[in-house]
Amino acid sequence: MEYIPAKTIVTATKSREWFGIDYNMNIYRGCSHGCIYCDSRSDCYHIEDFDRVRAKENALMIIRNDLRRKVKNGVVGTGAMSDPYNPFEKELLLTRHVLELIDAFNFGAAIATKSTLMLRDLDVLQTIREHSPVLCKVTVTTADDALSKKLEPGVPVSSDRFAMVEALGQAGIFSGILLMPVLPWLEDSEENILAIVRRAHEAGARFIYAAFGMTLRGNQRDWYYARLEQLFPGQGLADRYRRRYGYQYECRSPAAAHLWKIFAEECQRYKILYQMKDIISAYQKKYQMTQLRLFDMIEP
């Protein structure tokens, strides 16, 4: 494992609109999952050799000091840039130890991952949950295991991730699905979207947050097109993207409006949350009420 220097790791977010997260952190840099659509390999993030995982040097000490200096407690998010549960985490235990620090300093945690390794840390998540919000976001973009293995070769197949959501829910952890990206002409079918909602319901998912399309920009675009040609030879998918989207950053599915309609209807039918404000309210409500009761008790 190569270690890279860092001065600070836990940084304040500009807005709490993204899942009510107050702070962000990335313990690792780069990712070995090999997902063909990953936005984090874009040039704008300046991550050279993105598929090589590196860890932040002295990460635990830096994060401990970062948390100690925070004037206000809140929810610490991780997984936005690099999955905190890459294969090296199994031995390094950095993410686990960081969760222990989050627990010790009475912060909450919001984790995004595709890896079932998160279940290893279920005991720590349950302990954090006793005092602060915990949110587990599991990315699933297709209900088809064979397709998920092509698109996301370095992680467990979709059915294993649904099983993780079920296990998290049974342990009392607020968890659900990140249904993004939804790749045009590969995943943006009514059949796939309805299957994901149904499987999420069967797994007891509390929420599904969806975006019917993907992003494409420098370096990421070239990588994606090369993978399309390799994995789906003779189908002309890369040329289809070029004609439809050119150099657009946001590439919405041609069927986005219809997919959103059926997605929302199906979520309502199964009583699954799908609006951001409702998700934030649901997983943080208990702790906000506890704080209000505490304030009432200490008022003169």
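What covers the buried residues of helix 10? To find out, let's walk through this model, which is a predicted one.

Start with the helix itself. Helix 10 covers residues 256-270. With 15 residues at 1.5 Å a residue, helix 10 should span 21 Å, and its end C-alpha atoms are indeed 21 Å apart, so the two values agree. The buried residues here are Ala256, Leu259, Ile262, Phe263, Ala264, Glu266, Cys267 and Tyr270. A bit of background helps: an α-helix has 3.6 residues a turn, so residues three or four places apart point the same way. Now back to the opening question: the cover over those buried residues includes strand 9 (174-179), helix 7 (190-202), strand 10 (207-210) and strand 12 (250-252). Right after helix 10 ends, Lys271 takes a positive phi of about 60°.

Next, the inside. In soluble globular proteins, nonpolar side chains tend to be buried together. Here the largest nonpolar core has 60 residues, and Ile102, Leu179 and Phe263 have the most contacts inside it. Helix 10 gives this core its largest share, 7 residues. Apart from this core lies another one, of 18 residues, including Ile36, Leu186, Tyr225 and Leu237. Take a closer look at Leu179: leaving aside residues up to four places away in sequence, its contacts include Val140, Ile193, Tyr209 and Phe263.

Now for the rings. The whole structure holds 18 aromatic pairs. One of them joins Trp18 and Phe19, edge-to-face, with 4.9 Å centre to centre and 85° between the planes. Are these two buried or exposed? Trp18 counts as partly exposed because its relative accessibility is 41%, while Phe19, at 0%, counts as buried. Another pair is Trp260 with Tyr274: the centres are 5.7 Å apart and the planes sit at 65°, so this pair is edge-to-face too. Trp260 belongs to helix 10, whereas Tyr274 is in the loop between helix 10 and helix 11 (276-298), so to speak a link between distant parts of the chain, 14 residues apart. Trp18 and Phe19 also join Phe174, Phe207, Tyr209 and Tyr283 in one aromatic cluster.

Charges meet rings as well. The charged end of Arg269 sits over the ring of Tyr270, 4.5 Å from its centre, and Arg227 lies over the face of Trp223, at 4.3 Å from the ring centre.

Finally, visit a loop. Asn26 lies between strand 3 (23-25) and strand 4 (28-29), and its side chain reaches the backbone nitrogen of Ser82 at 3.5 Å.

Note on methods. Residues are numbered from 1 along each chain as its sequence is written. This is a predicted model: local features need pLDDT of at least 70, side-chain atom pairs count only at pLDDT 80 or more; totals for chains, interfaces and linings use all residues. Side-chain values use heavy atoms; hydrogens and water are left out. A nonpolar core is a set of buried Ala, Val, Leu, Ile, Met, Phe, Trp, Tyr and Cys residues joined through side-chain atoms within 4.5 Å. Buried means under 20% relative accessible area, exposed over 50%, partly exposed in between (1.4 Å probe, protein chains only). Helices (H or I, at least four residues) and strands (E, at least two) are DSSP runs, numbered from the N terminus. Contact means heavy atoms within 4.5 Å. A polar contact is a pair of N or O atoms within 3.5 Å; within protein, one must be able to donate a hydrogen and the other to accept it, and residues adjacent in sequence count only if both atoms are side-chain atoms. The expected span of a helix is 1.5 Å times one less than its number of residues. Rings of Phe, Tyr and Trp (its six-membered ring) pair if their centres lie within 6.5 Å; planes under 30 degrees apart count as stacked, over 60 as edge-to-face and the rest as tilted. A charge sits over a ring if NZ of Lys or CZ of Arg is within 6 Å of the ring centre and within 35 degrees of the ring normal.
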